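Work through the exercises below with the sequence and the structure side by side, and try each task before reading its solution.

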Amino acid sequence: MKQVEKLRNYLKDQHVEAAFITTPDNIFYLSGFRSEPHERLLGIIALKEGDPFLICPRMEMNDASTTGWPFEIVGYSDTEDAWSVLKDAIRKQGVIPTSMAVEKSHLTVERFERMRELFKNTTFTRMDDQLNEMRVIKSEEELSNMRKAAELADLAIQIGCEEITEGKTELEILMTIEYEMMKRGAEKMAFETMVLSGPKTASPHGKPGNRKIRKGDFILFDLGVVFNGYCSDITRTVAFGEPTEEMRRIYETVQEAQQAAVEIVRPGIKAMKVDQTARKIIRDVGYGDYFTHRIGHGLGISVHEFPSITDTNNLVLKEGMVFTIEPGIYIPDLAGVRIEDDVAVTADGVEVLTTFTKELVILK
Ligand code: MN
Ligand code: MN
């Protein structure tokens with residue numbers, strides 16, 4: 001397992017004796033096992049010397065064993081103390097680690113206190129960033145899953161456009177999109193689907209509801225699906241009936257900014273350049289104050305992952321990184337436009353995974 005190898009190399013390089021991984025997305029990355037354990041304990045313990053093991057609720061042991069994880073699976077019942085089971089399993093390996101790397105952004109205070117009680121002479125270090133870095137360059141297999149997820153997202157926008165008619169509600173359109181996605185092989189939606197209409201498009205994190213679609217509305221779709229564990233994330237804004245002059249100007253500005261940002265992507269440039277390119281275009285037209293968020297975020301097993309594409313991020317882009325490019329302009333009480341693509345950095349440029357048209361679609 002290549003992923004486990006990366007983790008072992010990290011432990012050797014950092015002279016850390018053990019790692020305790022607890023976020024479901026990182027566990028999926030390392031083991032292929034996808035589980036949402038809620039309050040129950042789910043984790044991978046990796047030791048510098050010896051094999052790693054997975055600890056999970058006993059009822060999930062069978063599922064875990066069918067995912068290709070070649071190492072030990074330790075189960076516990078609901079009446080056992082999962083933390084004591086964990087400690088015993090580590091002790092069985094013949095070591096009590098004096099140093100352990102954990103995911104500090106995920107381990108709750110309560111769990112951390114429990115760990116400290118169990119491992120009194122162990123020092124804990126943070127390995128959140130290193131795990132992010134392990135995941136940042138996508139393999140060809142990961143990319144092919146992401147291409148398929150993006151293809152489904154393109155289709156979802158197409159379906160959404162076909163569903164738009166006068167008087168239909170945002171939620172009705174949303175339900176049809178999700179139903180069609182499940183039928184076509186999406187595991188699930190990558191996040192809560194957004195279908196916003198009219199002035200509601202001016203809210204970047206708006207909530208779809210029972211508003212009825214009217215002529216003259218912008219309709220904003222922001223959605224993604226999960227395919228083989230990998231996410232897509234697309235936004236398109238379309239017009240139902242003739243848009244006003246101002247709506248057109250907003251749209252064209254976002255379109256130009258988004259396209260310019262996509263075209264600048266290649267290995268060797270800094271992440272901030274992507275944001276700055278789009279932001280400058282939007283600012284020059286006078287809408288700078290209405291572009292209220294970063295231009296994008298890494299994408300993969302998580303819908304938001306490392307790296308964050310902001311106007312201050314110095315990170316140098318490398319082949320195999322995948323992230324979103326999603327500038328927007330939001331004029332309160334009037335309308336908002338966002339256009340979002342998923343892009344992969346290639347050896348000499350960029351591959352745009354989402355391909356639905358970015359020309360202004362005007363539905364009659
Ligand atoms: Mn999105
Ligand atoms: Mn996004």
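In sorting residues by class, Ala, Val, Leu, Ile, Met, Phe, Trp, Tyr, Cys and Pro count as nonpolar, Asp, Glu, Lys and Arg as charged, and the others, Gly among them, as polar. Keep in mind that this is a predicted model.

**Exercise 1.** Describe the second largest pocket by its volume and by the classes of its lining residues.

*Solution.* Begin with the space itself, which has a volume of about 400 Å³. Next, find the residues closest to the centre of this pocket, which are Pro 204, His 205, Asp 222, His 304 and Glu 326 out of the 20 that line it. Finally, sort the lining by class, which gives six nonpolar, six polar and eight charged residues.

**Exercise 2.** Work out where the largest pocket lies with respect to the two domains.

*Solution.* First note that the largest pocket holds about 460 Å³ of space. Then look at which helices contribute: α1 (2–14), α2 (24–31) and α7 (140–163) each supply at least two residues of its lining, and the largest share, four residues, comes from α2. Because domain 1 (2–135) and domain 2 (137–363) both give residues to the lining, the largest pocket lies between them.

**Exercise 3.** Decide whether Asp 233 is buried or exposed, and state its role at the manganese ions.

*Solution.* Start from the cut-off, by which a residue is buried when its relative accessible area is under 20%. Asp 233 has a relative accessible area of 3%, and therefore it is buried. As for the metals, Asp 233 bridges the manganese ion (ligand 1) and the manganese ion (ligand 2), which lie 3.2 Å apart.

Conventions
Residues are numbered from 1 along each chain as its sequence is written. Chains are lettered from A and ligands numbered from 1 in the order in which they are written. This is a predicted model: local features need pLDDT of at least 70, side-chain atom pairs count only at pLDDT 80 or more; totals for chains, interfaces and linings use all residues. Side-chain values use heavy atoms; hydrogens and water are left out. On a 1 Å grid over the protein atoms alone, a cavity is a set of points where a 1.4 Å probe fits but cannot get out, and a pocket is an open set with protein on both sides within 12 Å along at least five of seven lines; lining residues have an atom within 4 Å of a point. Grid points are joined across faces, edges and corners, and a volume is the space filled by probe spheres set on the points. Domain bounds come from an automatic or database domain assignment. Donors are N, O and S atoms within 2.8 Å of the metal (3.2 Å for Na, K and Ca); water is not among the atoms, so sites may look incomplete. Buried means under 20% relative accessible area, exposed over 50%, partly exposed in between (1.4 Å probe, protein chains only).
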